[in-house]
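Reader: I'm in my first year and still learning to read these pictures. Could you take me through one part of this protein closely, the sheet and what packs against it?

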Amino acid sequence: MVDDLSLALVCQGCWEQVRPFSGEICVRCGYGFPSPSLQLSKPLCGACRRDYFQFDFARSFSDFEGPLKDIIRQFKYHSHPSLSGPLARLLEAVYNAGREEFTPDLVIPVPLHRARERERGYNQACLLAQRFCKLARLQLGHKVLIRQRATQVQAGLSRRARRLNMAGAFKLTQQWSAAGKAVLLIDDVFTTGATLNECAKLLKANGARRVTVLTLARVIQR
């Protein structure tokens, strides 16, 4: 359900065009194959076949195209935090569809560096996580994961450059332990996965037993 304020920012027709990805996906990371993958019973993308990702499971609502792409950009770059409500309901739909795979003890939003958050006025991942946790009745881990280094903007960087850019960018607060916990990471867009991978790597290195990922959209190479 879209509220009146969100309708003032995005028309009902655009919201109606926001639909979940309906094609074949990687069973582990949720990558949407642009074409059928030889009709394998449990298809894996190239990254998952190489065990590239540190997280255990990931899903996105849809590919990063069309009206959803425009809505996310409005939310993220044009000071429209009210869009976090209807967007969080998209996350809830994906979570409910894969609830048995997620089963988190704690939900953690991917953090922004404090300078970037000051400039933008909010962390879009944090707003999404707050709204989502209320809907799904899950515990939010606010400020337990911190971006300690201001990184270069990822847009336009190659996969390797993104990975190097994010290396060592995050830390955990000293008073919090990931030991034995199942953590769900929340972000707006899954591009190459470099940012989410670095977060998962840190959590696993500090004892997290399982790390899953939930995003609104996934960039698909066509």
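**A close look at the sheet**

Author: Of the contacts in the protein with a separation of 6 or more, 74% are between residues 24 or more positions apart. Keep in mind that this is a predicted model. The protein has 10 helices and 6 strands, and 51% of its 222 residues are buried.

Now to the sheet. It is an open one made of 4 strands, in the order β1-β6-β5-β2, and the pairing is parallel. β1 and β2 (106-109) are at the edges with a single partner strand each, so one side of each has no neighbour in the sheet. On average, neighbouring strands here are turned by 20° against each other, ignoring direction.

Let's walk across, starting at β1. Strand β1 covers residues 57-63, and its parallel pairing with β6 runs over 6 bridges. A handy place to look is aspartate 63, which is found in β1. Across from aspartate 63, in β6, you'll find arginine 218. Is aspartate 63 buried or exposed? Its relative accessible area is 14%, and the cut-off for buried is under 20%, so aspartate 63 counts as buried. The side chain of aspartate 63 also makes a polar contact of 3.1 Å with the side chain of serine 62.

Next comes β6, residues 210-218. This strand is mostly covered, with 9 of its 9 residues buried. On to β5 (residues 182-190): 8 bridges join β5 to β6, and the two run parallel. If you want a pair to click on, valine 189 stands opposite alanine 217 in β6.

The last step takes you from β5 to β2, which pair in the parallel sense over 4 bridges. Here valine 107 faces leucine 184 in β5.

So much for the strands; now the helices that go with them. Helix α4 (residues 66-77) lies across β1, β5 and β6, and runs at about 105° to β6. Then there's α10, which packs on the sheet and touches β2, β5 and β6, its direction making about 170° with that of β5. Helix α10 spans residues 194-205, and together β5, α10 and β6 make a right-handed β-α-β unit.

While you have the picture open, try two spots in the loops leading to the edge strands. Most residues other than glycine have a negative phi. Aspartate 51, in the loop between α3 (46-49) and β1, has a positive phi, near 55°. Aspartate 51 is exposed, with a relative accessible area of 56%. Threonine 103 sits in the loop between α6 (99-102) and β2, and its phi is positive too, near 35°. Threonine 103 is partly exposed, at a relative accessible area of 42%.

One last thing you can check with a ruler tool is helix α5. At 1.5 Å a residue, the 14 residues of α5 (residues 84-97) should span 20 Å, and the end C-alpha atoms are indeed 20 Å apart, which agrees. Several residues of α5 are buried, among them Leu87, Leu90, Leu91 and Val94. An α-helix has 3.6 residues a turn, so residues three or four places apart point the same way.

Methods. Residues numbered from 1 in each chain as written. Predicted model: local features only at pLDDT ≥ 70, side-chain atom pairs only at ≥ 80, totals over all residues. Heavy atoms only, no water. Expected span 1.5 Å × (residues − 1). Buried < 20%, exposed > 50% of the residue type's maximum accessible area, 1.4 Å probe, protein only. Pairing = 2+ DSSP bridges. Right-handed = clockwise from strand over helix to strand, strands pointing away. Axes fitted to C-alpha atoms, helices over the stretch in contact; angles between N-to-C directions. Contact = heavy atoms within 4.5 Å. Polar contact = N/O pair within 3.5 Å; in protein donor to acceptor, adjacent residues only side chain to side chain.
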